[in-house]
Every structure is written in structure tokens, then in C-alpha cells.
Amino acid sequence: MAGPILVFDSGVGGLSVVQALRRRLPEAALVYACDNAMLPYGRRQDAWLVGRIRAVCEAAVAASGCSVLVVACNTASTLALDVLRECLAIPVVGTVPAIKPAARMSRTRHIGLLATSATVSRPYTLQLIEDFAADCWVTRVAADVLVTEAERLVAGERPDQATLRQALSPLWDDPELDTVVLGCTHFPLLGPWLTEAAPRQVAWIDSGEAIARRVAQLVTAPAPRQGSEPSFVTARVERLGRGLATFGFADPRLLHPA
């Protein structure tokens with residue numbers, strides 16, 4: 001029997017991908033792992049991060065017996081996807097900002113990219129824009145504070161609407177902007193609050209459904225879900241455990257990367 005699907009992120013952002021996987025593969029067994037001891041990744045050096053991501057993912061794969069690894073983190077994907085695919089014997093699915101579908105959807109040809117500062121300026125992101133949105137005006141907005149708000153939400157606190165409105169404010173300078181890419185997996189967790197904070201209606205696009213579709217193609221006979229599922233962390237935080245439980249995961253076990 002195939003093993004479970006392992007979802008990895010630096011923090012709780014990958015839980016938005018878990019939601020998409022639950023919709024697409026409701027009977028599939030999932031495992032969640034996060035490197036919360038080193039959150040946020042965007043403030044750390046790239047070369048160090050590659051080694052860290054590899055170590056954490058190798059430990060999580062070994063502990064979970066998974067059949068596929070989903071790297072539900074834009075930073076980790078842009079830095080370490082090739083390394084992970086070389087060192088692991090299972091398929092690895094990465095995450096990239098949903099520039100391509102947003103460009104297809106936009107009627108005005110003005111889209112926003114809401115992401116962390118590490119993502120909005122990466123050459124990988126700029127290449128995505130050049131490849132798939134060359135005919136669009138793309139407003140790139142770094143909104144690292146939304147990561148903190150999503151972490152607070154999963155810990156049981158209500159997001160601060162003033163903080164959200166301030167983070168989103170650069171998007172509204174042009175009334176023609178009609179589509180916003182949520183370029184960090186943390187951000188879809190804030191969906192209802194982002195809609196409430198926006199002064200007008202726009203389309204919010206994220207990568208969750210595309211990731212779930214890809215996983216469904218790779219895992220044709222997933223291990224069946226059975227009650228609360230395993231989760232792993234690199235630092236014990238009581239409130240994180242309570243938040244993971246609301247997504248169907250058991251009390252997290254401590255992971256010890258090599």
C-alpha cells in the first residue's frame with residue numbers, strides 16, 4: 001500500500017494546501033511537517049536554507065513513510081526543489097506563485113502579486129512574470145506581516161484588520177487591478193479577512209488547487225485516512241499543536257534533522 005502524502009512548510013502556510021488536498025483527495029492519509037524552529041525562512045541565507053530544507057525533509061520523509069512530498073512553501077521550492085528531487089526516492093511537488101492562471105483570468109491585464117519580500121524579488125518570480133504575464137502590469141507587494149497574522153490565526157487569535165488593510169493598501173492605487181496572486185501559502189488561510197479588508201472586489205488566486213491536482217495525478221492509490229494524522233515540528237509550541245488539531249492532525253512529534 002502506498003504511504004501517506006507529506007506536506008512540508010516552514011510554518012502553518014502549508015495548511016492551506018492541506019485544505020486543497022482534503023477537497024481533492026478526501027480519503028487520502030496526510031502528514032504535516034513544519035520547520036517552525038527556523039520560521040521565517042525569508043530572513044535566512046539561501047545557501048544555509050538549502051541544507052536545512054534538505055535535512056528537515058529527509059527526516060520527515062523517513063519518519064512518515066510517505067509516498068510523495070509536497071513542498072508547500074514558495075521559498076523552499078525556489079531554493080531546494082532540485083536538491084530534494086535528487087536526494088529523495090519519492091516524487092516531490094513544489095509550489096510557485098500562480099502568475100500563469102492569474103494572467104489568464106485578468107480582464108484588465110493588471111494583476112497584483114502579494115507575497116513575502118523573499119518571493120517578490122526572486123529571479124525565479126521575475127522569470128515567471130516574464131514567461132506568463134509579459135502583457136500584464138504586475139504590482140508586486142511584499143507583505144511579510146501576513147505570515148505572522150496567519151500564524152496567529154492558526155494559534156486561535158483573530159487577525160488584525162488594520163494590519164491587513166495596511167499590508168494590502170499598495171494594491172489599490174490603480175482601480176484597474178482586478179486579480180491578486182496570493183504568492184505565499186500562508187495567505188489563503190486569511191482569505192475571508194483579506195476579502196473584508198479589500199476596498200473593492202478582486203479575484204484572489206493561489207496555488208493550492210493546482211498542487212492538489214498534481215498530487216492526485218501522482219498518487220493514484222493513496223493510503224486511506226484513519227482518524228487524527230501525524231504531524232511533526234522542529235520546536236514545541238503548545239498553541240501550534242492546538243491549531244494543527246483543528247486541521248485533523250494529532251499532537252505534533254518533535255523532528256530531529258541531521
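Me: How do you know that E5 and strand E7 (residues 179-182) pair?

Reply: Count the bridges. This is a predicted model, and in it E5 and E7 share 4 bridges. Pairing needs at least two bridges. The count of 4 meets that cut-off, so E5 and E7 are called paired. Their sense is parallel. For one bridge, look at Leu113: its partner in E7 is Val181.

Me: What makes E5 and strand E6 (residues 137-142) a pair?

Reply: The test is again at least two bridges. E5 and E6 have 6 bridges, in the parallel sense. That passes, so they count as paired. Gly112 stands opposite Thr139 of E6.

Me: Why is E5 called largely enclosed?

Reply: Because 6 of its 6 residues are buried. His110, Gly112 and Leu114 point one way from E5. Ile111, Leu113 and Ala115 point the other way. Residues on both sides are buried. In general, side chains of a regular strand alternate between the two faces of the sheet.

Me: Why is Glu229 called buried?

Reply: Set the value against the cut-off. Buried means under 20% relative accessible area. Glu229 has 3%, so it is buried. Glu229 sits in the loop between helix H10 (208-218) and strand E9 (231-233).

Me: What makes Glu229 and the backbone nitrogen of Leu30 a polar contact?

Reply: Distance comes into it. A polar contact needs N or O atoms within 3.5 Å. The backbone nitrogen of Leu30 is 2.6 Å from a polar atom of the Glu229 side chain. That is inside the limit, so the distance test is met. Leu30 is also among the residues in contact with Glu229, a list that includes Arg22, Gly248 and Phe249 and leaves aside neighbours within four places in sequence.

Me: Why is Ala203 called partly exposed?

Reply: Two cut-offs matter here. Buried is under 20% and exposed is over 50%. Ala203 has a relative accessible area of 22%. That value falls in between, so Ala203 is partly exposed. Ala203 lies in strand E8 (residues 203-205). Leaving out residues up to four places away in sequence, Ala203 touches Met105, Asp178, Thr179 and Val180.

Me: How do you know how far apart Ala203 and Pro257 are in space?

Reply: Take the C-alpha to C-alpha distance. It is 39 Å. In sequence, Ala203 and Pro257 are 54 residues apart.

Me: What makes E2 mostly covered?

Reply: The count does: 5 of its 5 residues are buried. Both faces of E2 are covered. One side has Leu30, Tyr32 and Cys34, and the other has Val31 and Ala33.

Me: Which strands pair with E2, and what is the order of the open sheet?

Reply: The order is E4-E3-E1-E2-E9-E10, with parallel pairing. E1 and E2 are joined by 5 bridges, and Ile5 has Leu30 of E2 as a bridge partner. E2 and E9 are joined by 3 bridges. One of the bridges toward E9 has Ala33 and Phe232 as partners. Both counts reach at least two, so E2 pairs with E1 and with E9.

Me: Why are strand E4 (92-93) and strand E10 (253-254) called edge strands?

Reply: Each pairs on one side only. Helix H1 (residues 14-24) lies across E1, E2 and E3 of this sheet. H1 runs at about 170° to E2.

Me: Why is helix H7 (residues 145-154) called largely enclosed?

Reply: Because 7 of its 10 residues are buried. Among them are Leu146, Val147 and Leu153. The buried residues of H7 pack against H1, E5, helix H8 (161-168), helix H9 (191-197) and helix H11 (238-245). After H7 comes Gly156, with a positive phi near 105°.

Me: How many cavities reach 30 Å³ or more?

Reply: The count is 1. The largest cavity holds about 70 Å³. That is over the 30 Å³ limit, so it counts. It has 14 lining residues, and Leu182, Thr185, Asp206, Ser207 and Gly208 lie nearest its centre.

Me: What volume has the largest pocket?

Reply: About 680 Å³. It is lined by 31 residues, with Gly94, Val96, Pro97, Ser207 and Ala210 closest to its centre. Helix H3 (74-87) gives the most to this lining, with 8 residues.

Key: Residues numbered from 1 in each chain as written. Predicted model: local features only at pLDDT ≥ 70, side-chain atom pairs only at ≥ 80, totals over all residues. Heavy atoms only, no water. Buried < 20%, exposed > 50% of the residue type's maximum accessible area, 1.4 Å probe, protein only. Polar contact = N/O pair within 3.5 Å; in protein donor to acceptor, adjacent residues only side chain to side chain. Contact = heavy atoms within 4.5 Å. Axes fitted to C-alpha atoms, helices over the stretch in contact; angles between N-to-C directions. 1 Å grid on protein atoms, 1.4 Å probe; cavity = no way out; pocket = protein on both sides within 12 Å on 5 of 7 lines; lining within 4 Å. Points joined across faces, edges and corners; volume = space filled by probe spheres on them.
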